[in-house]
Structure formats: structure tokens, C-alpha cells
There are 2 protein chains.
Amino acid sequence: MTDQRATNITRFHSHVRRDERMKVLKQRGCTVWFTGLPASGKSTTAFELERALLERGQLAYVLDGDNIRHGLCRDLGFSRDDREENIRRIGEVAKLFADVGVIAITSFISPYRIHRDQARAVHREAGLEFFEVFIDAPLSVCESRDPKGLYKKARAGELKGMTGIDDPYEVPAGPDLVVKTGTVRPDEAVRLVIDLLTRRTILEAGG
Amino acid sequence: MTDQRATNITRFHSHVRRDERMKVLKQRGCTVWFTGLPASGKSTTAFELERALLERGQLAYVLDGDNIRHGLCRDLGFSRDDREENIRRIGEVAKLFADVGVIAITSFISPYRIHRDQARAVHREAGLEFFEVFIDAPLSVCESRDPKGLYKKARAGELKGMTGIDDPYEVPAGPDLVVKTGTVRPDEAVRLVIDLLTRRTILEAGG
């Protein structure tokens, strides 16, 4: 048995607590959800964004394969079911981070629209903001980068289930932002996300 | 495929990032892990502690059945395997919170020593502090409180797997703190935890 209390009490508590944490942290938490093909530039942009936000005095944190796949989701593989559960858990953790007041930045391929929509939904239910950022580089560009040689392996048939090759990537239907990392440099990509967060009043203008 | 980078690069990145976040938040993250029988006073103490820390300007966050069992762990039941996986995930999430710089407070029965030790181990591997706090009220006291009527149901045979009745609770072998909530009031319990965090230099003396 866990110590569960009535849902209405919880909701009341949570909102009070979120306000109190905002006084300490002096920022509003949210989730910036990066999605895109392998090697499209998600991690590079995510870590550059985290650094830029920290330099502005904002508390931000990147959730990525390294700190999730080796920890929280170490029991999961790469089947469609496991990918779904992976993204579900990441959505839940990002939600908790946003509730704390952190700007959570997630950097996962997250190829299926329905899973991204579910992540948005759990944020919305909790009254938390969620920004879907499509890191949009053409497959040919991603494949020419191929820093881990995964595309090459997939083309050679040595790797199955590679998004973009033999597994689908569903382009976001209504992303909050599209960043064309095939032509835009990382610092410019970061500026576009910061502009978005400023328009949505997560960040103050001119900060 | 996730975007995974080499472990050595990650570790380097993580440490740099943790230091940078500390500059923003001006506190050191850690996990305060409450364990104890149902109705021993874990949640009460956890929320009082969170409030006291926020009043001191420290960012703290309670992970409990409400925000975990209804979200991240909604796929899990109460079998021994599911309880283990529940505690494993909570340990991983608390670790991420501590890495952000938050004082994570977990409020779960967590009846098995081995699962608590695993939670401590994942923190230690990440260079993060973990304090096990045994919320120690006699079964008779917990049973007389019984705010949700669970003990009564378990005694009547209507509820199976109730910790303390027909499921074991393994008393911590070497907790960082024991709080005797059968005799100590919540405000005094909070003071004991704050004293612990001060001795371990998470909090500054006299703050």
C-alpha cells in the first residue's frame, strides 16, 4: 500500500506548493520537448539551450538518453511498446520537473505523434506548459552527419528499427516551433527557442 | 534508437552541469528518503519538511503516492515485483531531482531493505547524497491512527499485502536518522531532519 490521499486534497496541496516554490526559484517551470530524426541536432541544441538558460540564471535540465535510458528506463528496449513506455515515463518525469519549477528540456527522437500528444496531455492536466519543438533536418543531412554510424549500419541491414530508415518518424502536426537545423547554427537554434519562451512569458524579454 | 553518447563524455558534462546549476540555485541537491509503516507519519513529516525548507528559501519537493502512483508508476500494482519496480523508479527520479539541485523528499513505505539500499546505491554512483530517515512509530500507534481504515480492512481479511499485517516491514539497519513519530510531534520531527541536513552541510547552520 502506498500513502495515497484523496485527489481533491492533493490538487489543492500541489497548487499551493507550486506557488511557494515559484517564490524560491523566481521562474515558472515548463517542458521544452525536442523531437526529430537521429542526428538532427536535438542533443546539441538541448545542451546549448540549457547552458544559455543557466547563464541567464534560469534553472534548466536536459533529460536525454544518457540520464534516462541508463537509469529510469534501463528495463526497456526498443520495441514499439517499450518506446511508448519510455516516452510515457519521460513525459511524467518532465511534468514533475516542470512542477518543481525547472525548465525541463527533453531530447529524444520521440517519433510517434500519439506519444508526444500524451506527454503534452499529462502536462495540460497538471496545468503545466509544454512546448513541442521540431528539430527539423532533412534525412539526407542527418545521414551525412551520422556521428555514431547508425544510419550506415541500418542501410547495411545490420541495425533494425532505425527511425528514418526502417522505422517511421511522424512529423509534428502543430509544433510550437520548428528549427531547421540543416541550415540554422546551434546558437541561432537556441535563440529561436529563447524567443519562443519569451513570447510565452516563461522568460522575461531582454533578460 | 535514442541519442546516446559515450559514458565518459556524459559524466564530464554532468559534473560541469551540476556545478553550473548550483550557481543558479545556491544549494546542493540531495534525497531525503522516508521509510516506515503505513500511517507512521511519513507524509505529514514530508510535507511539513518541504514547507519548512521553502520558508528557508530552499527548493524542495515531495515525491509521494499521489504524484508517482497516479503518474510515472500508474502501470504498476502491489505485487512484490511491482513494488520493487516502483521503488526503483522513485530512486531514479529522486536521483535526477538531486542532480538538478532540489532537496527531494520521498514518502513511501519502501518496506524492503534491499530496495532502499539500491536507491542509495544509484545516488552514490552519481556522487549524490542520500539520507535514509526511519519514521518509526509502533504498529499499535499506526493501527490506532488508521486514517484510511486500511489496517481495519487488513485485519478483517478484506485487504491482502498490507505492510505490518500480512506483508513484512524491514526495519532500517543503519538509517541516517530515526524519528519516533509515536512520541515526537511533526514540528519536532522536522527540526530533527533539518538538524541532520545541517550536520551533513546541505543546509547552513542558523539559516
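Colleague: Let's start with helix 3 of chain B: which of its residues are buried?

Modeller: In this predicted model, the buried residues of helix 3 of chain B are Gly65(B), Asp66(B), Asn67(B), Ile68(B), Arg69(B), Gly71(B) and Leu72(B). To be called buried, a residue has to come in under 20% relative accessible area.

Colleague: And how enclosed is helix 3 of chain B as a whole, and how do you know?

Modeller: Just look at the count: 7 of its 8 residues are buried, so helix 3 of chain B is largely enclosed by the rest of the structure.

Colleague: Next one, Arg83(B). Where does it sit, and is it buried or exposed?

Modeller: Arg83(B) belongs to helix 4 of chain B. Its relative accessible area is 6%, and the cut-off for buried is under 20%, so Arg83(B) counts as buried.

Colleague: What polar partner does the side chain of Arg83(B) have?

Modeller: A polar atom of that side chain lies 3.4 Å from the backbone oxygen of Phe78(B). The limit for a polar contact is 3.5 Å, so this pair falls within it.

Colleague: Now the two chains. Why is the pair Glu92(A) and Arg74(B) called a salt bridge?

Modeller: Their side chains meet with 3.2 Å from N to O. The rule asks for a side-chain nitrogen of Lys or Arg within 4 Å of a carboxyl oxygen of Asp or Glu, so the name fits. Across the interface of chain B and chain A, the rule finds 12 salt bridges.

Colleague: Which parts of chain B give two or more residues to the side that touches chain A?

Modeller: Those are helix 1 (7-25), helix 2 (42-55), strand 2 (60-64), helix 3 (65-72) and helix 4 (80-100) of chain B. The largest share, 11 residues, comes from helix 4. By class, that side of chain B has 26 nonpolar, 13 polar and 20 charged residues.

Colleague: How much area do chain B and chain A bury between them?

Modeller: About 5,300 Å², with 58% of it on carbon and sulfur atoms. The contact takes 59 residues from chain B and 60 residues from chain A.

Colleague: How are the two copies related, and what makes you say that?

Modeller: A turn of 180° and a shift of 0.0 Å along the axis lay chain B on chain A, with an RMSD of 0.0 Å. The two copies are thus related as by a two-fold rotation axis. The same surface serves both copies, too: 100% of the contact residues of chain B recur in chain A.

Conventions: Residues numbered from 1 in each chain as written. Chains lettered and ligands numbered in written order. Predicted model: local features only at pLDDT ≥ 70, side-chain atom pairs only at ≥ 80, totals over all residues. Heavy atoms only, no water. Contact = heavy atoms within 4.5 Å. Buried area = accessible area lost by both parts, 1.4 Å probe. Helix = DSSP H or I, 4+ residues; strand = E, 2+ residues; numbered from the N terminus. Nonpolar A, V, L, I, M, F, W, Y, C, P; charged D, E, K, R; others polar. Least-squares fit on C-alpha atoms with pLDDT ≥ 70 in both. Buried < 20%, exposed > 50% of the residue type's maximum accessible area, 1.4 Å probe, protein only. Polar contact = N/O pair within 3.5 Å; in protein donor to acceptor, adjacent residues only side chain to side chain.
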